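Work through the exercises below with the coordinates open. Each task is followed by a solution in steps.

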Amino acid sequence: KQTPQGKQTPLLMRVLDPPQPVKGTDDKYHLVYELVLTNTSPGTATVESVKTIDSKSGEVVDTLAGAEVAARTTLLNGSLDPAEKIGSAQVAILYLDASFEDLRDVPKELEHRLKTSFDLPPGALFPEATTDVGARTEVSNEKPVVIGPPMRGKNWVVSNGCCTVSTHRGSVGAFDQRLLATERYAIDWIRADNEGHILLPSDTPTKLTDYPAYDKPILSVKGGKVVKVVDKYPDLEPGVRNPDYTLDDAPGNHVIVDIGGGRYAIYAHLKPGSITVKEGEHVRRGQQIALLGNSGNTSAPHLHFHVMDAPTPLGAEHNLPYVIDSFGYQGYIGDDLTPHLLKNPQPREEELPLNQSVVDFGPSRGH
């Protein structure tokens with residue numbers, strides 16, 4: 001394709017990381033990635049629409065327009081508030097999620113067509129509207145790592161999970177002079193009661209032992225070598241955060257395991273004094289490594305879990321997709337916290353549980 005010369009493109013776009021297909025509990029293959037948008041104009045930019053295109057066939061495979069764009073856009077300033085406009089010299093992140101019914105339908109290469117309008121000051125030598133094609137990226141053909149469950153039992157709920165805009169997905173920050181999506185596929189595992197109801201920190205009075213997840217065994221999802229153990233933080237009361245904590249304190253008590261293939265699994269917010277493994281120790285799949293707690297930057301007991309390509313909680317170059325080899329899908333929790341549970345859990349294999357899914361990991365044993 002011939003690139004036009006001399007065309008003004010005031011809104012610059014690039015893909016943060018090439019996407020990698022991962023199968024979710026909606027039975028679709030998801031490409032989860034971000035567009036970095038930089039407004040170089042002296043005015044305010046509004047992205048009217050974005051089309052994701054199979055650059056080989058030219059087929060449009062995903063479209064966002066109007067309010068859908070704003071809902072998936074945030075400014076690069078630490079806020080998760082939807083951004084309807086991108087100010088002059090501002091940078092924004094547009095969180096994309098193209099999904100496909102069959103893995104064979106997933107393109108090998110993508111590009112994007114952005115339609116943008118600009119509110120410009122008088123006399124500005126910039127266009128009032130643009131339609132640009134760019135941000136071309138390859139699609140990785142690497143398969144997600146297959147892991148076992150991090151807990152046992154039923155009623156485990158995916159919080160801040162794939163593929164919506166959440167505190168995890170929005171955790172895009174600068175580390176070592178690089179812009180990284182540090183928690184793209186992370187999950188906060190909380191637990192509901194048998195009716196699917198979730199206890200929130202605002203539900204008073206509460207104590208840690210009121211939460212069904214608290215003090216439950218945490219299991220190694222794969223065999224590997226323990227490369228980091230931190231056990232120095234107290235459990236916090238529900239709804240109470242320590243104002244003196246820094247980003248380094250965010251994981252609280254945690255364990256990082258080298259699970260092979262350049263991948264590392266982190267288990268965070270663990271109960272103080274409950275970690276049963278040491279650095280350098282080899283663990284097997286399903287081995288108990290700790291108990292679920294409420295240490296670090298957390299408002300209620302949960303397990304923070306993700307996979308990365310370096311043994312550092314938030315500075316790894318890539319946050320990696322993964323699928324769980326076998327579990328029962330119990331249904332989901334609605335945005336209004338209404339449970340939608342199945343009478344009988346559906347057996348699932350090699351899928352990533354999506355946001356607000358309810359999961360059964362099988363019978364609890366021991367503890």
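The exercises use a predicted model and cover buried charge, salt bridges and nonpolar cores.

**Exercise 1.** Determine whether Glu-34 is buried or exposed, and find what its side chain pairs with.

Solution.
- Locate the residue: Glu-34 sits in strand S3 (residues 29-39).
- Buried means under 20% relative accessible area. Glu-34 has 0%, so the residue is buried.
- Its side chain makes a polar contact of 2.7 Å with the side chain of Arg-184.
- Salt bridges with shared partners join Glu-34, Arg-184, Asp-17 and Arg-169 into one network.

**Exercise 2.** Which parts of the chain does the salt bridge between Glu-351 and Lys-23 tie together?

Solution.
- The N to O distance between the two side chains is 3.9 Å; the cut-off for a salt bridge is 4 Å.
- Glu-351 belongs to strand S24 (residues 339-351) and Lys-23 to strand S2 (residues 22-23), so the pair ties together parts 328 residues apart in sequence.
- Glu-351 has 4% relative accessibility and therefore counts as buried.
- The count of salt bridges in the model comes to 17.

**Exercise 3.** Find which strand gives the largest share of the largest nonpolar core, and examine Tyr-322.

Solution.
- The largest nonpolar core has 40 residues, and Tyr-322 is one of those with the most contacts inside it.
- Strand S23 (322-333) is among the elements giving two or more residues to this core; its four residues are the largest share.
- Beyond its neighbours within four places in sequence, Tyr-322 is in contact with residues including Val-22, Ile-147, Phe-305 and Leu-352.
- A second, separate core has 29 residues, among them Val-47 and Leu-75.

Terms used. Residues numbered from 1 in each chain as written. Predicted model: local features only at pLDDT ≥ 70, side-chain atom pairs only at ≥ 80, totals over all residues. Heavy atoms only, no water. Core = buried A, V, L, I, M, F, W, Y, C linked by side-chain atoms within 4.5 Å. Buried < 20%, exposed > 50% of the residue type's maximum accessible area, 1.4 Å probe, protein only. Contact = heavy atoms within 4.5 Å. Polar contact = N/O pair within 3.5 Å; in protein donor to acceptor, adjacent residues only side chain to side chain.
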